Amino acid sequence: MNNCYLTFALGKGRLANRTMELFEEIGITCEEMKDKNTRKLIFVNEELKLKFFLSKGPDVPTYVEYGAADIGVVGRDTILEENRNVYEVLDLKYGACRMCVCGPKEASELLKHHERIRVASKYPNIAKDYFYNRKHQTVDIIKLNGSVELGPIVGLSDVIVDIVETGSTLRENGLDVLEEVCPLSARMIVNPVSMQLESERIMSIVKKLKEHI
Ligand code: PRP
């Protein structure tokens with residue numbers, strides 16, 4: 001946090017690019033950030049007193065909770081998984097997809113009968129919350145770091161909890177959506193103290209974005 005600068009943490013990659021495009025449309029720009037070859041980690045717009053940095057998605061809520069960034073933009077999947085003390089203030093609508101329980105068709109029987117199954121996921125907290133608190137089903141959760149669809153294919157798990165966007169990864173690997181956990185999209189989050197101290201500046205950005213979306 002800073003007295004004069006508002007600092008933004010953005011999840012690296014497509015999400016950050018889309019976010020900067022959107023910001024540009026409402027007059028929030030950062031020329032420094034457009035240089036694709038730069039190794040710089042933090043970018044400043046001196047005129048508007050704004051700072052931007054890119055981080056790994058799961059680190060965005062951490063920077064915002066501790067106040068190292070006032071505002072963050074990250075997927076709802078990451079917000080739910082990290083479960084940090086931040087305010088979610090706006091649905092930016094892009095990056096829309098779904099968190100789902102997926103697996104081979106036959107596995108839907110295991111979901112109906114509350115069997116103790118194995119669930120692989122990059123999102124162990126979301127998976128745990130879904131099975132324990134919503135379905136009241138005791139399961140074994142196995143954390144993976146990517147290519148989660150391999151789980152049921154190679155016999156590591158019965159099902160997976162993962163993001164489905166177009167559905168083509170599932171289709172190409174003979175898996176189906178068995179249950180939907182929740183819808184996802186990019187969200188803006190704010191540090192609770194910044195929200196008090198900088199509410200005017202922050203809410204004016206939120207308002208502009210809301211009107212634009
Ligand atoms: C994500 C997700 C699925 C896939 C879904 O993975 O985990 O695997 O995209 O998209 P689709 O429904 O359009 O096929 P990502 O590509 O981010 O890589 P990862 O498997 O390493 O997490």
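Visitor: What makes the approach of glycine 167 to the ligand a polar contact in this predicted model?

Guide: A backbone N or O atom of glycine 167 lies 2.7 Å from an oxygen atom of the ligand, and because a pair of N or O atoms within 3.5 Å counts as a polar contact, this pair qualifies. The protein, for its part, covers 65% of the 490 Å² of accessible area that the ligand has on its own.

Visitor: How do you know that serine 147 and glutamate 165 make polar contacts with the ligand as well?

Guide: For serine 147, a backbone N or O atom is found 2.9 Å from an oxygen atom of the ligand, while a polar backbone atom of glutamate 165 is 2.8 Å from a ligand oxygen atom; the cut-off is 3.5 Å, and therefore both pairs meet it.

Visitor: Why is Lys122 counted among the residues that surround the ligand?

Guide: Lys122 belongs to the shell, which also includes Gly146, Asp162 and Thr169, because a residue is counted when one of its heavy atoms lies within 4 Å of the molecule. Strand β9 gives the most to this shell, with 3 residues, and the shell as a whole divides into 2 nonpolar, 6 polar and 4 charged residues.

Visitor: What makes β9 and β6 a pair of strands?

Guide: Strand β6, residues 97–103, is joined to β9, residues 159–164, by 5 antiparallel bridges, and because at least two bridges are required, the two strands pair. One of the matched positions sets cysteine 102 against isoleucine 160 in β9. With strand β10, residues 176–184, β6 pairs in the antiparallel sense over 7 bridges, and there cysteine 97 stands opposite leucine 184.

Methods: Residues are numbered from 1 along each chain as its sequence is written. This is a predicted model: local features need pLDDT of at least 70, side-chain atom pairs count only at pLDDT 80 or more; totals for chains, interfaces and linings use all residues. Side-chain values use heavy atoms; hydrogens and water are left out. Buried means under 20% relative accessible area, exposed over 50%, partly exposed in between (1.4 Å probe, protein chains only). Helices (H or I, at least four residues) and strands (E, at least two) are DSSP runs, numbered from the N terminus. A polar contact is a pair of N or O atoms within 3.5 Å; within protein, one must be able to donate a hydrogen and the other to accept it, and residues adjacent in sequence count only if both atoms are side-chain atoms. Accessible areas come from the Shrake-Rupley method with a 1.4 Å probe; for residues, only the protein chains shown count as cover. Ala, Val, Leu, Ile, Met, Phe, Trp, Tyr, Cys and Pro count as nonpolar, Asp, Glu, Lys and Arg as charged, and the others, Gly among them, as polar.
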